[in-house]
Amino acid sequence: MSDVPISHILFVSTALFFIGMYGLFTRRNMITMLMAIELILNSVNINFVVFNKYLYPENLDGIFFTIFIITIAAAEAAVAIAIIINLYRSHRSIDVENAGEMKW
Amino acid sequence: MNYSSYIALIPLLPLASFAVLGLFGKKYFKNLSGIIGCLVLLTSTLLSLYAAYHYFFVDGKINGSYQTLIPLKYTWLSFSDSLSIDMGIILDPISVMMLVVVTFVSLMVHIFSLGYMKGEERFGTYYSFLSLFTFSMLGLVVASNIFQIYIFWELVGVSSYLLIGFYYDRPSAVAASKKAFIVTRFADLGFLVGILILGFQSETLDFNTLIQRLTDIHSPQLLAIASTSFLGISLLTWALTLVFIGGAGKSAMFPLHIWLPDAMEGPTPVSALIHAATMVVAGVYLVARLFPVFHINEASLHVVTWVGAVSAFLAAVIACTQTDIKRVLAYSTMSQIGYMMFALGVSGYGGENARLTDAVGQGLGYTASMFHLFTHAFFKSLLFLCAGAVIHIVHSNDMKDMGGLRKLMPITSIAFLIACLAIAGIPPFAGFFSKEEILMAAWQNHPAIYYIGLITSGITAFYMFRLYFSIFWNRTPDSQLTTPLAADRVPPSALAVGQGLPKAQHHSEGTLSMKLPLVILAIGTLLVGFIPFSKFISPDGKPFVSEMHLTFSIVPVAIATIGIFIAYRLYFRRSDRPEKLAAALGGLYNAAYRKFYIDEIYLFITKKIIFNLVGKPAAWIDRNIVDGTMNGIAWTTGRISVLIKGVQSGRVQSYALYFFGGIVVLIIVFLYLWK
Amino acid sequence: MNLSLLILLPLLTAVAIIPLKGAKPVRVISLISSSLQLLLAFALLYFYWDERSAGNTATMLFESNYAWYASLHINYHVGVDGISIAMILLTSFVVLAGVLVSWNVEKLSKEFFFLLLFLSVGAYGFFISLDLFTLFFFLEVAVIPKFLLIGIWGSGKKEYSAMKLALMLMAGSALVFVGLIGLYLNTNAGNGQHTFDILQIAQMNIPLSAQKFFFPFAFAGFGIFGALFPFHTWVPDGHSSAPTAASMFLAGISMKLGGYGCLRMATFLMPEAAHQYSWIIIVLASIAILYGAFATMMQTDLKYINAYSSVSHCGFVLLGIGMLTKTAITGAVMQMVSHGLMTALFFAGIGMIYDRTHTRQLSQLGGLLKVMPFISTVFVIAGLCSLGLPGFSGFVAEVTVFMGGWSHEGADNFYRIVTIIACASIVVTAVYILRAVGKAIMGPLASNDHSLLTDAKWNERWAAALLIIGIVAIGIAPFWLNDLVTPATETIVNKISAIVK
């Protein structure tokens, strides 16, 4: 495990993070935005695990955070789907451009 | 009995009459208002006569001169410890004389109006305005404080405005009243600035103290005011000239005279009272009141003299061509007041050095001016009231509609003749004596003025008798009143306005109330010339002796007689001589008929220059530039708001983007820039 | 004599009319309340005279002081001197006249009277405040009701005018607030504490640099209220679109808030700066006087004529304050009182004409003297007062300002010339007033329908009579107003001359 330099794994998690951001900012389909948010969360998870493993191998703090995040991500996904379903019921579409009522 | 018990009643009784008739006249008194007005005026006149008797004969002279008394004084508005407007009553020879003149003429007019304005719907209002005017004029003549005279000056102006515009549904009357007020207001601006200068420099507003400080050659105030100069002219000259401008406006001196002819739109008794005998002499009275100060300042006296002389001459020339009888009389008033003004201008001022027998050095001009004021009040108001009687019958102001009226109106005709002889300066009528003294004073001091006065008196005789003959002779009595008299080539005068709305139709000379004042004034005109005025009125209070010099009088009387003769030749019988003469004089006649285009010049200045070049730009700037800036600020704010509101796009993703962007900025700031 | 009664009375009345139903009880209660306010004002005058003749020479009388927000040193501190009493009398006259004139307002009459009473709370509170923050508080109370009054009950371009008025006055308040806070932070009431109290600040020496910086804010802010050129443009539109009673209050009292504020806060508390900036104030004021008069000459709408003439007349107030002499400031206060009464009378007359003829354009009016003699006389009296005819209050005030301006020390030609420019306005004023009177009141009737019009009713007659009595009382007997106001102006001027020397 220690043969892989930390920077490689951080590169992967950073890439995942920015892919997730890109997806969040540019996708019109709300489900896809949700998937992008999950990507972001997962990239953060990777960061935690990596730092835990490489910097503080004796402790398990990072792993605890990761478990928390997975749980919360699951709950948040459930809430988000519920919101999307409600939006679909009023707008008949899950295109985020159609939910622009907060415009000036 | 001392003065303070009754002197205040003289102006206050008419004030009470104004209030009562104004508030209740229409509903409760109606025809009674005339009687109330006359009774109040009668009381005031009797009190004034008593005051005159008391002043001149009971109190008499002390140390050889009449004293200036101030029986009443009350601080009205105090500006600082030394400057305040006090309401007071001053009694000196000229104020007592004016009290008598104003109340007497006003009484005559009140009585005349009983018949003239009978049937008028606003009878009560008319009498209340007359009372207001009488109150204001009386207040003016007894004012002891220079601001007090200004206050009553304005009140007289507004009374005149109300009375000229009495027939308010006629646009010409409304325009005339506006013109009178605004021209005199403009003059009052000069008066106000003059008061400010005089009051501040002499550190007092009280007439006596002011005169004393500005005539005593050792006083610091005189030194200060005479040595300060602005634009090369001494402050004293500025002050006096500005004050004179105020007087010139009220007295219809050139070039502020344009309101007087138009003021004839008012009812004729009003013209008799205000625009002949009393209000228009206010300017002369003001100069007389401040005469000691005027006397030490040569420059302002020159202004007074020349303005007076030019006005006298100009008005006489214009009067020769006018066909509206009231306008002829208006110009004649302007001319006579010009005489009074230049008489003051050429006057000496008595003092310790002048010899008692040197009448001119003693102030003959001053006395003559006041004497002429006194006699003029009689014969001019008589002329106007007679004109009123004529207009009442003929229902027209124009000479063309008149002629041969002497059989129809004998009393009026004789009274008019007496007045014309008086104004022409024929002995033994009143005008002769006063004019003599004026011409004498001019001859001694300033011969050029004497010649102007002489020529003018000839012209005066001419146009007055032109008027007399045109009205009362000029055709056989039983012909119709339709054929024209004056030159045909001149277009029908726009000046001839049909006089107002008396409801009663008389075909006789008028009621007793209209005849009585004429008789009384005619008798007065015959008698007042013989009053030895210089025994009572002189600039410094010391009476002097003034004699008649027969050799001197021959020339003016001769010239006047020539004038009468020319008028007789042209107008006694119907002929075409007037037209031929007018044609011969051509352009000069036209110019005089058009009043030398002075009205047109004024209209040009006000409409084209002041309205278009000052008023309109001011309003435009305010609407578009100043207000435009405010609207512009609002518009800019709106535009910025439109630009910025795009941020609130309603798109969640944009918000997320801004959110992350902000975080990035903050991270950079905190990691690298915050020390 | 408890001054807070002046504020409580209208406030309680305003609250009391909220639950009422129907217009009649609302009107009656408002009338009773405003009459009581008038009586209260006279009682105050009487007690004031009593105290003064008993030898009490304190600067302010009937003071009361309660801590309001102690940590910021804001107190509810009230008291009166001669100037305040003159303004309180003016307010009570105009409010009572306004209530009478608005008797026949049908639409939402309860809300109308509520707002009117609320305005008077603001005005009374402003004039009795001796604490800067309290002063500002009452100033703000008086702004929003105007917006609603104009926007709902107005005529013409009412929404635009209401918005413009509200925004410009708010801007003025903002500037005043900056000046106020600046002043506060530079006061030193011992131990580095600050204070908002006017009397205390008057005793202190505010550093000159602070004065020079904050005086323009305070003066410009209050100047916007008082129609200082070039911030006067809210006046024509605001006054013209407002309903009659609101116009009377606006022109009569609101503009005086500005003048009073300039005097009480800006000039009294920052005298060095006032002295240094006085030439700017004088120039702007004289521009307002003459330029305002010329702009009025070209107007064709009666209300615009009166509104622009208010700009011109309020210029006299600022000119008097700018001259910084005792006579000039006394003249400024007199002009505030006189103009308030006169313009309220004028707007009342115009309102009566508009209610009947439904037009304010001069071209459509004429010969009203024939059909409406009382209203026409009211109009003429207001006009004559406006052009400064002796016998009415306008003359007294203007003449005092002229004398004050002429007697400015320094004998500099600048002050003389400015005074002459101000004097010249009497001619222009005569022109536009007589033009309006000649066209609307005199002359032939403009249209045959006008011959059917009715004259003033009882409420209008009483309102006009009340204001005319006030105008004539000052015009014929100015000494009582002069003696009331002069001691107070002496206090202000002594402070200025002490510093200038």
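## Which chains touch

Two pairs of chains touch here, and the pair with the most contacts is chains B and C. Keep in mind that this is a predicted model. Chain A and chain C, on the other hand, share no contact, and their closest C-alpha atoms sit 22 Å apart.

## The C and B interface

On this interface, 59 residues of chain C are in contact with 46 residues of chain B. Put the two chains together and about 4700 Å² is buried between them, with carbon and sulfur atoms giving 74% of that area.

What about charge pairing? Three salt bridges turn up across the interface of chain C and chain B. If you want to look at a salt bridge on screen, go to C:Asp237 and B:Arg623, where the closest N and O atoms are 3.4 Å apart. Polar contacts between chain C and chain B come to 15 residue pairs, counting pairs with both residues at pLDDT 80 or more. Helix H18 of chain C (residues 413-440) makes up the largest share of the side of chain C that touches chain B, with 14 residues. That side of chain C breaks down into 39 nonpolar residues, 13 polar and seven charged.

## The B and A interface

Now for chain A. Here 11 residues of chain B are in contact with 14 residues of chain A. The area buried between chain B and chain A is about 1100 Å², and carbon and sulfur atoms account for 65% of it. Three residues are worth picking out: B:Lys645, B:Gln653 and B:Phe660 supply 49% of the area that chain B buries against chain A, more than any other three residues.

There is one salt bridge between chain B and chain A. B:Arg651 and A:Glu97 make it through their side chains, at 3.3 Å from N to O. Four residue pairs are in polar contact across the interface of chain B and chain A, again with both residues at pLDDT 80 or more. On the side of chain B that touches chain A, helix H25 of chain B (residues 652-673) gives the most, with five residues. Sorted by type, the residues on that side of chain B are four nonpolar, five polar and two charged.

## Cysteines without partners

If you're wondering about disulfides, the count over all chains is zero. Take B:Cys420, which is in no disulfide: the nearest cysteine sulfur belongs to B:Cys386 and is 8.7 Å away. For a disulfide, the two sulfurs would have to be within 2.5 Å. B:Cys420 is also buried, with a relative accessible area of 0%.

Why does C:Cys423 have no bond to the closest cysteine sulfur? That sulfur is in C:Cys385, and the sulfur of C:Cys423 is 17 Å from it, so the two are too far apart for a bond. C:Cys423 counts as buried too, at 1% relative accessibility.

## A buried glutamine in chain B

One more spot to look at is B:Gln221, which is found in helix H8 of chain B (residues 220-227). Is B:Gln221 buried or exposed? Its relative accessible area is 11%, so B:Gln221 counts as buried. Setting aside neighbours within four places in sequence, B:Gln221 is in contact with B:Gln201, B:Ser202, B:Glu203, B:Arg213 and B:Leu214.

Methods: Residues are numbered from 1 along each chain as its sequence is written. Chains are lettered from A and ligands numbered from 1 in the order in which they are written. This is a predicted model: local features need pLDDT of at least 70, side-chain atom pairs count only at pLDDT 80 or more; totals for chains, interfaces and linings use all residues. Side-chain values use heavy atoms; hydrogens and water are left out. Buried means under 20% relative accessible area, exposed over 50%, partly exposed in between (1.4 Å probe, protein chains only). Contact means heavy atoms within 4.5 Å. Buried area is the accessible area (1.4 Å probe) that two parts lose on being put together, summed over both. A salt bridge is a side-chain nitrogen of Lys or Arg within 4 Å of a carboxyl oxygen of Asp or Glu. A polar contact is a pair of N or O atoms within 3.5 Å; within protein, one must be able to donate a hydrogen and the other to accept it, and residues adjacent in sequence count only if both atoms are side-chain atoms. Helices (H or I, at least four residues) and strands (E, at least two) are DSSP runs, numbered from the N terminus. Ala, Val, Leu, Ile, Met, Phe, Trp, Tyr, Cys and Pro count as nonpolar, Asp, Glu, Lys and Arg as charged, and the others, Gly among them, as polar.
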